[in-house]
Amino acid sequence: MAELKKSAQRVQEALHQFGLDLKVVEYPASTRTAEEAAASIGCSVGQIVKSLVFQGKASLKPYLVLVSGQNRADEKRLRVHAGEKFRRADADFVRTATGFTIGGIPPVGHVQPLETFIDEDLLQYGVVWAAAGTDHAVFAVTPHQLVAITGGSVICLKAE
Ligand code: 5CA
């Protein structure tokens, strides 16, 4: 197989460290958005893990929110779980906080540990797909492995 792009390779190395057989796959077609990723992979949009970065309004700290591709993260719900208000991080903050660029933000392998929340809707699937560093790279993972490798808290993110 061809060599992975540098950012995708960093994610693959991070995945290896968990001792699980998780493999980064690069697609010729774009996986930049949940819809594009689902079309390239041939899975449902709900099986795509969106990795969204928020910033605490008081602490200014980054939070990673892993959301099923068909859902939106409800900021009021997040606030209850994190104990502070949030804003959506801008592209520069996302890059500094994670070491990756929007469209390829992975759930692991960041430049610093990130407090992580996981959409409970992801747990209904046998396998889900997350971005792996670039807008053409993803990896398949079971929802339980995703919880284990991110150390994230599973929460209900849906707006009422
Ligand atoms: N590779 C795909 C599927 S795995 C992916 O990364 N999808 S994503 O949803 O996790 O990443 C794109 C998300 O980044 C968008 O849903 C959007 O919420 C966010 N985003 C896009 N542009 C910006 C921006 N300028 N500032 C902050 N967030 C942005």
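This report walks through the cores, helices, ligand site and selected residues of a predicted model.

## The nonpolar cores

The largest nonpolar core has 27 residues. Seven of them touch the most other members: Val11, Leu15, Val24, Val49, Val128, Phe139 and Leu146. Several elements each supply at least two residues of this core. They are the helices α1 (6-16) and α5 (143-150), together with the strands β2 (48-56), β3 (62-68), β6 (128-131) and β7 (137-141). Another core lies apart from it. That one has eleven residues, including Leu52, Phe54, Val65 and Phe117. In soluble globular proteins, nonpolar side chains tend to be buried together.

Leu146 shows how the largest core is joined up. Neighbours within four places in sequence aside, Leu146 is in contact with Val49, Leu66, Pro107, Ile118, Leu122, Val128 and Val141.

## Helix α5

Leu146 is also one of the buried residues of α5; the others are Pro143, Ile149 and Thr150. Seen down the helix axis, these buried residues fall within an arc of 125 degrees, so they line one face of α5. The face turned away from the buried side carries His144 and Ala148, which are exposed.

What do the buried residues of α5 pack against? The partners are α1, β2, β3, β5 (115-119), β6 and β7. Just after the helix comes Gly151, with a positive phi of about 65 degrees.

## Helix α4

Helix α4 spans residues 91-98, and its residues Val94, Ala97 and Thr98 are buried. They cover an arc of only 80 degrees around the axis, which puts them on the same side of α4. The cover over the buried residues of α4 includes β2 and β3.

Both ends of the helix have something to look for. At the N-terminal end, Asp90 acts as a cap: one of its side-chain oxygens lies 3.2 Å from the backbone nitrogen of Asp92. After α4 comes Gly99, whose phi is positive, near 90 degrees.

## The ligand site

The ligand is surrounded by 15 residues. The closest are Thr31, Ser51, Arg88, Ala89 and Gly103.

Backbone atoms of the protein come up to polar atoms of the ligand. A polar backbone atom of Gly103 is 2.7 Å from a ligand nitrogen. At Ser51, a polar backbone atom is 3.0 Å from a ligand oxygen. For Arg32, the distance from a polar backbone atom to a ligand nitrogen is 3.5 Å. On its own, the ligand has 610 Å² of accessible area, and the protein covers 72% of that.

## Buried polar residues

Ser68 sits in strand β3. It counts as buried because its relative accessibility is 0%, where buried means under 20%. The side chain of Ser68 reaches the backbone oxygen of Gly46 at 2.8 Å. Not counting residues up to four places away in sequence, Ser68 touches Gly46, Ile48, Lys50, Asp119, Asp121, Leu122 and Tyr125.

Asn71 lies in the loop between β3 and α3 (75-82). Is Asn71 buried or exposed? Asn71 is buried, with a relative accessible area of 9%. Its side chain makes a polar contact of 2.8 Å with the side chain of Asp121. Sequence neighbours within four places aside, Asn71 is in contact with Lys50, Asp119, Asp121 and Lys158.

## Two loop residues

Gln47 is found in the loop between α2 (34-41) and β2. Its relative accessible area is 16%, so Gln47 is buried. Outside its neighbours within four places in sequence, Gln47 is in contact with Tyr125, Val127, Val128 and Trp129. Gln47 and Ala140 are 93 residues apart in sequence, yet their C-alpha atoms are 9.6 Å apart in space.

Leu60 belongs to the loop between β2 and β3. Leu60 is partly exposed, with a relative accessible area of 46%. Its phi is near 65 degrees, a positive value in a residue other than glycine.

Key: Residues are numbered from 1 along each chain as its sequence is written. This is a predicted model: local features need pLDDT of at least 70, side-chain atom pairs count only at pLDDT 80 or more; totals for chains, interfaces and linings use all residues. Side-chain values use heavy atoms; hydrogens and water are left out. A nonpolar core is a set of buried Ala, Val, Leu, Ile, Met, Phe, Trp, Tyr and Cys residues joined through side-chain atoms within 4.5 Å. Buried means under 20% relative accessible area, exposed over 50%, partly exposed in between (1.4 Å probe, protein chains only). Helices (H or I, at least four residues) and strands (E, at least two) are DSSP runs, numbered from the N terminus. Contact means heavy atoms within 4.5 Å. A residue is near a molecule or strand if one of its heavy atoms lies within 4 Å of it. A polar contact is a pair of N or O atoms within 3.5 Å; within protein, one must be able to donate a hydrogen and the other to accept it, and residues adjacent in sequence count only if both atoms are side-chain atoms. Accessible areas come from the Shrake-Rupley method with a 1.4 Å probe; for residues, only the protein chains shown count as cover. The arc is that of the directions from the helix axis to the C-beta atoms.
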